[in-house]
Amino acid sequence: MLVEDNDALRTRTTTILDEDGFDVVSAADAESALDHLTGATSFDLLFSSIGLPGMDGWSLAKRASRLHPTMPILLMTTYAGDVDARPHFLYPGMNLIRKPFTAEEVLGSVRELA
């Protein structure tokens with residue numbers, strides 16, 4: 001499940017993942033993603049932007065974890081600040097990738113978790 005509000009980045013990232021053999025379901029906001037996550041039996045990964053309109057990606061990740069407790073989560077952000085210095089920001093099974101990212105970086109991060 002890919003969640004990104006920027007249409008161009010969502011399309012580009014979906015293409016990168018599709019071309020590498022991943023089956024991608026995408027959404028432009030957290031509410032749409034939750035609709036998919038609620039109706040699904042499982043997803044291999046939640047890959048979400050933190051800065052989403054409405055419900056942010058961090059809140060989405062917490063709700064998604066309750067629906068699918070073993071699903072890994074990859075969060076993306078343009079501003080990570082001192083996230084690495086805040087040990088409780090990322091839970092086990094959660095990683096962070098900084099935008100902009102290359103195709104190789106996103107594929108490596110997704111493969112590591114999926």
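## Exercises: strands, cores and a buried glutamate

In this predicted model, β3 and β4 run parallel to each other, paired over four bridges.

**Exercise 1.** Work out which residue of β4 is the bridge partner of phenylalanine 47, and which hand the β-α-β crossover from β3 to β4 has.

*Solution.* Start at phenylalanine 47 and step across to β4: the bridge partner there is leucine 74. Now follow the chain out of β3, through α3 and into β4; that β-α-β crossover is right-handed. On to another pairing: β1 and β3 are also parallel, with two bridges, and valine 3 sits opposite serine 48 of β3.

**Exercise 2.** Sort the residues of β3 (46-49) by face, and decide whether they are buried or exposed.

*Solution.* Side chains in a regular strand alternate between the two faces of the sheet. Here, Leu46 and Ser48 take one side, while Phe47 and Ser49 take the other. All of them are buried, so both faces are covered. Leu46 turns up again among the residues that touch the most other members of the largest nonpolar core, a group that also includes Val3 and Leu75. That core has 21 residues, and α2, α3, β4 and β5 each put in at least two. There's a second, separate core of 15 residues, with Leu2 and Val106 among them.

**Exercise 3.** Find where glutamate 4 sits and say why it counts as buried.

*Solution.* Look in the loop between β1 and α1. Glutamate 4 counts as buried because its relative accessibility is 1%, and the cut-off is under 20%. Its side chain reaches the backbone nitrogen of asparagine 6 at 2.9 Å. Beyond its neighbours within four places in sequence, its contacts include Arg10, Ser49 and Lys99.

Notes. Residues are numbered from 1 along each chain as its sequence is written. This is a predicted model: local features need pLDDT of at least 70, side-chain atom pairs count only at pLDDT 80 or more; totals for chains, interfaces and linings use all residues. Side-chain values use heavy atoms; hydrogens and water are left out. Buried means under 20% relative accessible area, exposed over 50%, partly exposed in between (1.4 Å probe, protein chains only). A polar contact is a pair of N or O atoms within 3.5 Å; within protein, one must be able to donate a hydrogen and the other to accept it, and residues adjacent in sequence count only if both atoms are side-chain atoms. Contact means heavy atoms within 4.5 Å. A nonpolar core is a set of buried Ala, Val, Leu, Ile, Met, Phe, Trp, Tyr and Cys residues joined through side-chain atoms within 4.5 Å. Two strands pair if DSSP finds at least two bridges between them. A crossover is right-handed if, with the strands pointing away from the viewer, the path from the first strand over the helix to the second runs clockwise.
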